[in-house]
Each structure stands twice: as C-alpha cells, then as structure tokens.
Amino acid sequence: MRVVSGIQPTGNLHLGNYLGAIRNWVRLQDEVTAGGGESLFFLADLHALSQPHVPAELTASTYEMVAALVACGIDPERSILFNQAQVPAHAELQWLLSGTARMGWLNRMTQWKDKSGKNREGQSAALFTYPVLQAADVLLYQATHVPVGEDQKQHLELARDIAQKFNHDFGGGPNGGGTDIFVLPDPIVPADAARIMSLRDGSAKMSKSDPSDMSRINLTDDADTIMQKVRKAKSDAEPLPADPADLANRAEAANLVTIHAALAGQTTAEVLAQFAGQGFGAFKPALGELLVAKLAPINARFVELRRDTAALDAILRAGAERARALAAPTLARTYAALGLVR
Ligand code: TYM
C-alpha cells in the first residue's frame, strides 16, 4: 500500500479539508505503518501558482500548513511530509505526461469550469493544466491509494486515464515496451464527510477561496470565533427531524448535522435521535461546543509548532530528500519509455 495525497498551502486548513481529507490521511498513515507500506503527504505549492498569489503569503502559508498537518497527527517520522517545490520530479513528470493528456479531458474538469467561469481566456495556462500536475503527483510514487474529498475525485479519474493511456502507448500495451510504467491509483473518499459545505450557503463547498471567513471554520480559530461562526451559520426555522431523509431539501441543516456526526463519530441518524424536535437554538450551541472540544487540542499544538520555523524547514527538507529518492526510479523509467536520451 502506498498512500499519496496533497493540499494547497493557500489560506488556512479548514474543517472541510480536515473532515474530508486530513483525518483520512492520519488513519491511513497508521494503517500503512502497521502494514509496512509508505505514506507521502505534500503541500501542493506548485499548484498555488495557478491562481494570482502574493509570494510572501505563499511562504507564510507553507509554514502554517506544515505546522497544521503535524498538529492534526501527521508524523514526519512515519510519513514523508514535503512540499512539491523541493522535489523537481513533480514538474518534470508533468511535462512528460503533457504529451499524453488530451485537451478534451482537461476541458471537462468541473474545477476548471467553475474557477474559470466566463473568463476562460484570461486564466493562467497553469489553471488549465493543473490536473496533469496532480496526475504527476500521484503517478510519480506509484500511489495505490489517494485519500481526498469528493471534489477531487474527478482529478483522480483523470490521473487514471493518463496512466492508462501512457501505459498503453509507451508501457505494457500493444505499442509499448512490454511493462506498465504506472500503477492506477484508487481514490479513498470518506463516507461520512466527503463534502462539507459553506456555513453561509449550503449549496457551495466550504473553501479557503470563499471571501467570507464566516463561511468556514479554520483549524486555527479560537473558541470564541468558533462559537460565533456556528451561531451565525445559516440554518432554518424548522425543528430537526427524526428521519435523515427529511433533511433532503434543507441543505444548511443537513450540513450542520453532517459536521456534528463526523466530529462525534456518529451517523446522522444517531445525531437526529438525540436532537429530533429541537430547533437550532439548542443544536447550535451543542455543535459549537463539540467543535471547540475537538479542535482546541489541534489548535494548541499548531500554535506551539508554528513558533519554530527552523524546525518546520528541517521537516520539509528531510521529507523532500526521501521523496526525491522514491521518485527517481519512476521518473527515469518514464524518460526511457519516451525514448529520451539522458
Ligand atoms: P485542496 O487544497 O483544495 O483540498 C485538500 C483536501 O481537502 C478536501 N476538501 C474537502 N473535503 C470535503 N469538504 C470540503 N468542503 C473540502 N474542501 C477541500 C479536498 O478534496 C482535498 O482532498 N488539487 C488538490 C491538491 C492536490 C492533490 C494532489 C490531492 C494536488 N495534488 C494529488 C491529491 C493528490 C486541492 O486543491 O485540494
């Protein structure tokens, strides 16, 4: 088992990232350590170039994100924790795969459509080719499992398509040299928290790019901020139902119940059994307290870790060295399969 996943170091780690992905990273890290495989987690700093950004902020966010991941339970001894910028093989493999990825495949990516909106001509080329870099991120390490939230599943399917075509054209397929170059990675999406929605709009995912900070809970928010954000979260005037099916047309209510369930390790039915018939006046304070109880220890560790930039640098350097060594054989085979003389 080789687990690989990434996160963009732009803005804070928020509850959607945590429940949708990072919690799974920590679980898989523990499984992999017990089973003798490897887990690699990285900051997708090269991906951050696809959107306008302020260089000094990217640097600061990179250190914040390493501290946040370690605070959540990623252990840099057991897992390989690094940033893409220190492992040039990511950018190299992206170019090598760009001959295989098709324009039509990239055009279908919903994230490209959402983020480019009506102004496609004005977007960076990096925003369009971003999923090829994401494919390189996982194929470079022969990842078997990739823990992600629902929104990244399509990018993983694209990585599989690219790997399959490359294997066919240059590897074990009829036109290739005899053996497959890339393993096809499987996404692992959490059943209980695949999509955490904005606190202000139940139809939009919780996101660090939302201009309103009230739309998300950051893992670095203090207790007062968390309680205030939950109090102000959009909800409705109905009491909570007993049957989860009755939340179907109540996006904001469903989201708050989902968050409660994921944090408490319960099903939504179990949460509703406890709160059925009660309104948000009762539910919100309970949810706020649960969030504070679960996030306070992470927050305390984060604050402690963030103080020592030199220690965070050492973690990234050591992780990058291990990642470069793991990446080297696949990168060399890819160059060779393409007939490039080195
Ligand atoms: P990013 O940085 O947007 O998010 C990191 C992880 O958090 C998940 N996530 C969510 N899950 C549930 N609800 C939400 N509201 C929510 N928001 C974010 C994402 O699904 C993701 O798992 N392109 C990726 C980073 C990346 C990557 C990779 C991931 C680059 N290369 C290779 C996996 C493998 C991204 O922008 O995620």
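A residue counts as near a molecule if one of its heavy atoms lies within 4 Å of it. With that in hand, here are the close-ups, all taken from a predicted model.

**View 1. Who sits around the ligand.**
By that cut-off, the ligand is surrounded by 28 residues. Tyr130, Asp137, Gly149, Asp151 and Ile196 are the closest of them. Three elements each put at least two residues into this shell: strand S1 (2–7), helix H1 (15–35) and helix H6 (125–139).

**View 2. Polar contacts to the ligand.**
Tyr130 turns up again here, with an N or O atom of its side chain 2.6 Å from a ligand nitrogen. Gln134 also points to a nitrogen atom of the ligand, placing a polar side-chain atom 2.9 Å from it. For Gln8 the backbone does the job: one of its polar backbone atoms is 2.9 Å from a ligand oxygen. As for cover, the ligand on its own has 710 Å² of accessible area, and the protein covers 97% of that.

**View 3. The largest nonpolar core.**
Look for Ile22, Leu69, Phe283 and Leu291, the residues with the most contacts inside this 58-residue core. Domain 1 (2–194 + 308–337) and domain 2 (213–305) both contribute residues, so the core lies between them. Zooming in on Phe283, and skipping neighbours within four places in sequence, its contacts are Leu240, Leu256, Val257, His260, Val271 and Phe275. There is also a second, separate core of 41 residues, with Trp105, Leu127, Val132 and Leu331 among its members.

**View 4. Arg2, a charged residue tucked into strand S1.**
Arg2 belongs to strand S1. Is Arg2 buried or exposed? Its relative accessible area is 17%, and buried means under 20%, so Arg2 is buried. Its side chain reaches the backbone oxygen of Tyr141 at 2.9 Å. Leaving out residues up to four places away in sequence, Arg2 touches Glu38, Leu40, Tyr141, Gln142, Ala143, Thr144, His145 and Leu326.

**View 5. Glu238 in its loop.**
Find Glu238 in the loop that runs between helix H8 (223–232) and helix H9 (251–264). Glu238 has 48% relative accessibility, so it counts as partly exposed. Beyond residues up to four places away in sequence, Glu238 touches Arg250, Gly279 and Phe280. If you widen the view to take in Lys115, the C-alpha atoms of Glu238 and Lys115 are 34 Å apart, with the two positions 123 residues apart along the chain.

Conventions
Residues are numbered from 1 along each chain as its sequence is written. This is a predicted model: local features need pLDDT of at least 70, side-chain atom pairs count only at pLDDT 80 or more; totals for chains, interfaces and linings use all residues. Side-chain values use heavy atoms; hydrogens and water are left out. A nonpolar core is a set of buried Ala, Val, Leu, Ile, Met, Phe, Trp, Tyr and Cys residues joined through side-chain atoms within 4.5 Å. Buried means under 20% relative accessible area, exposed over 50%, partly exposed in between (1.4 Å probe, protein chains only). Domain bounds come from an automatic or database domain assignment. Contact means heavy atoms within 4.5 Å. A polar contact is a pair of N or O atoms within 3.5 Å; within protein, one must be able to donate a hydrogen and the other to accept it, and residues adjacent in sequence count only if both atoms are side-chain atoms. Accessible areas come from the Shrake-Rupley method with a 1.4 Å probe; for residues, only the protein chains shown count as cover. Helices (H or I, at least four residues) and strands (E, at least two) are DSSP runs, numbered from the N terminus.
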